[in-house]
Amino acid sequence: MADKISIPSKVTVNKLAKAIDVDVTSVVGELMKAGIMASVSDSIDFETASIIASDLGVEIEKDDDIKLDTSKPTSNSRQAKVLKDGEGEPRAPVVAVMGHVDHGKTTLLDTLRNTDVVGGEAGGITQHISAYQVSHNGRDITFLDTPGHEAFSSLRSHGARLTDVAIIVVAADDGIKPQTKEAIGFARDAGVAIVVAINKIDKPEANPNQVKQQLADVNLIPEEWGGDTVTVDISAQKKQNIDQLLDMVLLVADIEDLRAVSGGLMEGTVIESRMITGKGSVATILVQHGELSVSNFLVSEGAYCKVKSIDNFNGDSIDKAHPSEPVAVAGWKTPPRAGALVYEVESEKEAKSEVIANAHAVDKIADSDQMEVMTAAMKASRDTKLVPLILKADTDGSLTSLIDSVKLLEVEGIKPEVISSSVGAVTESDVTLAESSKASIIGFNSKVSGRVKQTALRASVEIKLYDLIYELLEDLRQKLSSMLAPEVVEEEVSTLEIMGVFKTTQKEVICGGKVKKGKIVPELIVRIENPEDEGEDIEIGKVAAIQKEQQSIKEAKEGDICGLSIATKQKVKLKEGDVIKLIKRTTKSRSL
């Protein structure tokens, strides 16, 4: 263990444990000793982290530029193949297209593969990782299109880890945005080469030089300014300088000397998985080594398949796939996890054996996570309002992002609780679970049959389906807002100086006096200054009625002499000369 370890100013309990190389339960235990109830996913500040680390014998320092490893332990005993220098054969580069929403990533890919994906996307934003291949100067290039919307942070990170080169698309008329910086961070963390495509140079307000200055500000110095960051001014819409961009991508890839083993058992990574009617569980796989063929047996953590069919990125059925090819593979018993290693084995018997072995590894990890569950339960109070949710999505990656986004909506006193999440259409089992747990079902790009709709209607189960992530999150935010306790607002509207007290009982005080300021009306809260001068005024009741010259009136104004009937629940001592305050109390809805 290092003597001194750098961490950012805020860090989750899990990341701190990994950074200082101790079991997460030890960190949680030390926090509990300090009176801090924190789960594995909760964030703590540097000062707290420093104390906990010190108690565990580790010295840490603050560095907000540090990027801690956020990867979760894998249940897969297999490790990705690492080639020695010169081993294997040259392969096509895998390129991620990343950047801020609306900066033209998908339009660029449309231009490259001469299609119109943008026109078919909900809301004009990419909501999945899609994979394509293009040919340039007789060479193949594999592209990954990653989402730009903020809710898909985990997918963007996943996309960067699969690639050799990252094209960061920046609009020349808009400049670097938070998601642009995030994409740059993902690419740096993944250790991939970066090429910046400065897009929309055809716009009148385009300012490529300003973008380059912004790049320099984040330590991406353009080559023409003496740095080593390749930048290309393009217009995806006008198909301007696209060939130059591809030339630069291949040049950067050649420097990396990308290689793969082209024969033997297949190894790759799951890009995405989903349920498709008529095909069942289908996984998009990036082949990284070996040859993938129909009838192969594949394993990925707790899932396996006998390959029934292989489709290339155009949807054409093929018999074999080779390194750097993205393909859709049908035949999975259950959808594999996006980002997981997938590898070929010799037989179905071996596949089942591997899945069982991986399940045992998962159980060990689950045991280490029990402390998180216990801590979360201790942290939850009787006043916490839980909103039970069942989440459905079309793909595993979308589901992961949806769960992460829902967690971000948690606020003090209200907590969304995901009691079930899965890929595919809404089922009758989902409705049964929702009915018993009083949960709502939220589907993203998911479907629901007429029969399931009728079942949900009879069970009074709410099902909401969305094809836009930001609309889903906004509706959920409104749902949570409606459950927040209303904010109580008090305003002092008037005061009255007591000139006489005529009757005092357990339920009523009748007094008279002069209105010093404001206006008195029925139902106003009545308070008197604490006779012990201990700070807060004492609430004694409400104005029940007002009289003036022995006549009931609706209001008394400043300067009026009037009588008050004050409804109270206790015997109150008022005397001549006391000044009472009249308070208007209202409530207003709170929102997230």
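## Close-up views of the predicted model

**View 1. Glu523 is exposed, with a relative accessibility of 53%.** That is over the 50% cut-off, so Glu523 counts as exposed. The structure shown is a predicted model. Here the side chains of Glu523 and Lys542 meet in a salt bridge, 3.9 Å from N to O. The pair links distant parts of the chain. Lys542 sits in strand β29 (residues 538–548). Glu523 lies in the loop between β27 (508–520) and β28 (525–528). The two residues are 19 residues apart. Lys542 is partly exposed, at 39% relative accessibility. A network formed by salt bridges with shared partners takes in Glu490, Arg527, Glu539 and Arg585.

**View 2. A salt bridge joins Asp254 to Arg139.** The closest N and O atoms are 2.7 Å apart. Asp254 belongs to helix α8 (residues 242–256). Arg139 belongs to strand β8 (residues 139–145). The pair links distant parts of the chain, with the two positions 115 residues apart in numbering. Neither end reaches the 50% cut-off for exposed, and neither falls under the 20% cut-off for buried. Asp254 has 43% relative accessibility, so this residue counts as partly exposed. Arg139 has 34%, and is partly exposed as well.

**View 3. Asp430 and Lys392 form a salt bridge, the closest N and O atoms being 3.0 Å apart.** This pair, too, links distant parts of the chain. Asp430 is in helix α12 (residues 428–437), and Lys392 is in strand β22 (residues 385–393). They are 38 residues apart. Both Asp430 and Lys392 are buried. In total, the structure holds 26 salt bridges.

**View 4. Helix α7 (residues 208–217) has buried residues.** These are Pro208, Val211, Lys212, Leu215 and Ala216. Down the axis of α7, the buried residues fall within an arc of 145 degrees, so they line one face of the helix. An α-helix has 3.6 residues a turn, so residues three or four places apart point the same way. The cover over the buried residues of α7 includes β9 (165–171), β10 (193–199) and β11 (230–233). After α7 comes Asn219, with a positive phi near 65 degrees.

**View 5. The largest nonpolar core has 27 residues.** Nonpolar side chains in soluble globular proteins tend to be buried together. Leu108, Leu112, Ile141, Phe143, Ile167 and Leu245 touch the most other members of the core. The elements giving two or more residues are β6 (94–99), α4 (105–113), β7 (130–136), β8, β9, β10, β11 and α8. Of these, α8 gives the most, with 7 residues.

**View 6. Leu245 has contacts beyond its sequence neighbours.** Neighbours within four places in sequence are left aside. The contacts of Leu245 are then Leu108, Ile167, Val195, Ala197, Val232 and Ile234. Leu108 and Ile167 are also among the core residues that touch the most other members.

**View 7. The whole chain gives the setting for the close-ups, with 14 helices and 33 strands.** Buried residues make up 46% of its 592 residues. Among contacts between residues at least 6 apart in sequence, 71% join residues at least 24 apart. The accessible surface comes to about 29,900 Å². Carbon and sulfur atoms account for 46% of that surface.

Terms used:
Residues are numbered from 1 along each chain as its sequence is written. This is a predicted model: local features need pLDDT of at least 70, side-chain atom pairs count only at pLDDT 80 or more; totals for chains, interfaces and linings use all residues. Side-chain values use heavy atoms; hydrogens and water are left out. A salt bridge is a side-chain nitrogen of Lys or Arg within 4 Å of a carboxyl oxygen of Asp or Glu. Helices (H or I, at least four residues) and strands (E, at least two) are DSSP runs, numbered from the N terminus. Buried means under 20% relative accessible area, exposed over 50%, partly exposed in between (1.4 Å probe, protein chains only). The arc is that of the directions from the helix axis to the C-beta atoms. Contact means heavy atoms within 4.5 Å. Accessible areas come from the Shrake-Rupley method with a 1.4 Å probe; for residues, only the protein chains shown count as cover. A nonpolar core is a set of buried Ala, Val, Leu, Ile, Met, Phe, Trp, Tyr and Cys residues joined through side-chain atoms within 4.5 Å.
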